[in-house]
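Welcome, and thanks for opening the viewer. Let us walk through this model together, one selection at a time.

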Amino acid sequence: MKAFRLAIAISIFTCLCSWTPVFAQTMQLSEDQEESIKERCNIMIRDYQQYLSIIGGKGKSKPVREHYVKQAYKLFIGDCEPYVNEKSKKVPKEVMPAVQMEVSSIKSKNVVTRTQKEYLNRLMALPYDSVVIKRAQTHKLSDLVLVDDHWEATATYYQIFKGFDESGNVIYGG
């Protein structure tokens, strides 16, 4: 059981959820609006999960996998780069850090924080012929937080990662 738990990567990322300027004037969410934003975040999480196995496996050409890396960047605030909210009323404008995620491995009990961009690029460079990355548990979406003119939430979910050789044998994971 202990090895199984260590094979799980902890994925945390922030979804940018914006509404129209008419909505922005009230800055309060109805129950329906909150559910709509959460559903949008759930769709982003689903898309991200689909991209990961393509990015990490060798079944697609490198240009195709690079395309999916770029698509994954677009799911995150700032496209995985540090960003400035130009609509912020703060002076000077605050530079926000790039989206990060925490990962663990079978080899180490340590949890390592990486930028999302670094994680995706490292995933693409892995030596496995194919990978399977599955959600191990239902994810949790934090309460929505109003940040200047948009709403943000942090999604937390666990993944099980397996790497396979060309014969289909598991060479990493449980």
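In which sense do strand 8 and strand 9 pair, and over how many bridges? Select residues 145-147 for strand 8 and residues 150-164 for strand 9: the two pair in the antiparallel sense over three bridges. Strands here are DSSP runs of E with at least two residues, helices are runs of H or I with at least four, and both are numbered from the N terminus. Two strands pair if DSSP finds at least two bridges between them.

Before going on, a word about what is on your screen. This is a predicted model, in which local features need pLDDT of at least 70 and side-chain atom pairs count only at pLDDT 80 or more, while totals for chains, interfaces and linings use all residues. Residues are numbered from 1 along each chain as its sequence is written, and side-chain values use heavy atoms, leaving out hydrogens and water.

**Stop 1: the whole protein**

Zoom out to see five helices and 10 strands. Of the 174 residues, 36% count as buried, where buried means under 20% relative accessible area, exposed means over 50%, and partly exposed lies in between (1.4 Å probe, protein chains only). Now think about contacts, meaning heavy atoms within 4.5 Å. Among those between residues at least 6 apart in sequence, 65% join residues at least 24 apart.

**Stop 2: strand 9 and its partners**

Keep strand 9 selected. It is mostly covered, with 11 of its 15 residues buried. Look first where strand 8 meets it: Val 147 stands opposite His 150. The hairpin of these two strands has two residues between them, and Asp 148 there takes a positive phi near 55 degrees.

Next, add strand 7, residues 140-141, which runs antiparallel to strand 9 and is joined to it by two bridges. Here Leu 141 stands opposite Ala 155. Then add strand 6, residues 130-135, also antiparallel to strand 9 and joined to it by six bridges. Val 131 has Gly 163 of strand 9 as its bridge partner.

Finish with strand 10, which pairs with strand 9 in the antiparallel sense over two bridges. Gly 163 appears again, this time opposite Tyr 172 in strand 10. Five residues lie between the strands of this hairpin, and in the turn Gly 168 has a positive phi of about 90 degrees.

**Stop 3: aromatic pairs**

How many aromatic pairs does the structure hold? There are five. Rings of Phe, Tyr and Trp (its six-membered ring) pair if their centres lie within 6.5 Å; planes under 30 degrees apart count as stacked, over 60 as edge-to-face and the rest as tilted.

Select Tyr 48 and Phe 76. Their ring centres are 5.3 Å apart and their planes stand at 90 degrees, so this pair is edge-to-face. Tyr 48 lies in helix 3 (residues 31-56) and Phe 76 in the loop between helix 4 (62-73) and strand 2 (83-84), so the pair ties together parts that are 28 residues apart in sequence. Both residues are buried.

Now move to Phe 161 and Tyr 172, another edge-to-face pair, with 5.7 Å from centre to centre and 70 degrees between the planes. Phe 161 sits in strand 9 and Tyr 172 in strand 10, so the pair ties together parts 11 residues apart in sequence. Phe 161 is buried at 12% relative accessibility, and Tyr 172 is buried at 13%. Add Tyr 128 to the selection: ring pairs link Tyr 128, Phe 161 and Tyr 172 into a cluster.

**Stop 4: the core**

A nonpolar core is a set of buried Ala, Val, Leu, Ile, Met, Phe, Trp, Tyr and Cys residues joined through side-chain atoms within 4.5 Å. The largest one has 34 residues, and those with the most contacts inside it include Tyr 48, Leu 52, Tyr 119 and Phe 161. Helix 3 gives the largest share of this core, eight residues. Among the buried residues of helix 3 are Ile 37, Met 44 and Ile 55.

**Stop 5: a loop to finish**

Go to the loop between helix 4 and strand 2, where you will find Asp 79 and Cys 80. Asp 79, which is not a glycine, has a positive phi near 50 degrees, and Cys 80 has one of about 70 degrees. Asp 79 is partly exposed at 41% relative accessible area, whereas Cys 80 is buried at 2%.
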